[in-house]
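Open the model in a viewer and keep the selection panel at hand. The stops below go from the whole chain to one strand and its neighbours.

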Amino acid sequence: MTGSSGAEAVVVRVDRDRCIGSGMCALSAPESLALDADGRARPVDRYADGGAELTDGLAEAVEYCPVEALALHSAHGGYRIAPAE
């Protein structure tokens with residue numbers, strides 16, 4: 001699956017044990033991430049399953065998560081894209 005730009009689709013994984021609920025990710029990428037009632041991040045549906053296009057906001061959210069609770073994976077191959085392990 002690829003996004004409308006032809007780029008590989010991605011899914012977002014949230015380590016909810018690590019998430020501190022700063023909310024910066026949901027502000028940076030509201031189309032990709034939201035906060036649950038407990039204040040921790042979760043991917044919106046299309047970024048949890050199936051995948052969707054990587055946006056600049058999502059890339060920034062993953063890069064700047066203060067506790068590295070977010071990870072991007074290929075929607076097709078499942079391999080980790082960012083952050084680097």
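The radius of gyration used here is taken over C-alpha atoms, and the globule rule is 2.2 Å times the number of residues to the power 0.38. This is a predicted model. Begin with the whole chain: for 85 residues a compact globule would have a radius of gyration near 12 Å, and the chain agrees because its own value is 12 Å. Its C-alpha trace spans about 35 × 25 × 20 Å along the principal axes.

Colour by secondary structure next. There are 3 helices and 5 strands, in the order β-α-β-β-α-α-β-β from the N terminus. Among contacts between residues at least 6 apart in sequence, 55% join residues at least 24 apart.

Switch to the surface. The chain exposes about 5000 Å², with carbon and sulfur atoms supplying 49% of it, and 35% of the 85 residues count as buried. Selecting the charged side chains gives 7 positive and 14 negative ones, the centres of the two sets lying 6 Å apart.

Now select residues 70-74, strand E4, where 5 of 5 residues are buried. In a regular strand, side chains alternate between the two faces of the sheet. In E4 both faces are covered: Leu70, Leu72 and Ser74 are buried on one side, Ala71 and His73 on the other.

Add residues 10-14, strand E1, which pairs with E4 in the antiparallel sense over 5 bridges. Here Arg13 stands opposite Ala71.

Last, add residues 80-82, strand E5, antiparallel to E4 and joined to it by 2 bridges. Leu72 stands opposite Ala82. E4 and E5 form a hairpin with 5 residues between them, and Gly78 in the turn has a positive phi of about 80°.

Technical notes
Residues are numbered from 1 along each chain as its sequence is written. This is a predicted model: local features need pLDDT of at least 70, side-chain atom pairs count only at pLDDT 80 or more; totals for chains, interfaces and linings use all residues. Side-chain values use heavy atoms; hydrogens and water are left out. Helices (H or I, at least four residues) and strands (E, at least two) are DSSP runs, numbered from the N terminus. Buried means under 20% relative accessible area, exposed over 50%, partly exposed in between (1.4 Å probe, protein chains only). Contact means heavy atoms within 4.5 Å. Accessible areas come from the Shrake-Rupley method with a 1.4 Å probe; for residues, only the protein chains shown count as cover. Lys and Arg count as positive and Asp and Glu as negative; His and the chain ends are not counted. The place of a charge is taken as NZ of Lys, CZ of Arg, CG of Asp or CD of Glu. Two strands pair if DSSP finds at least two bridges between them.
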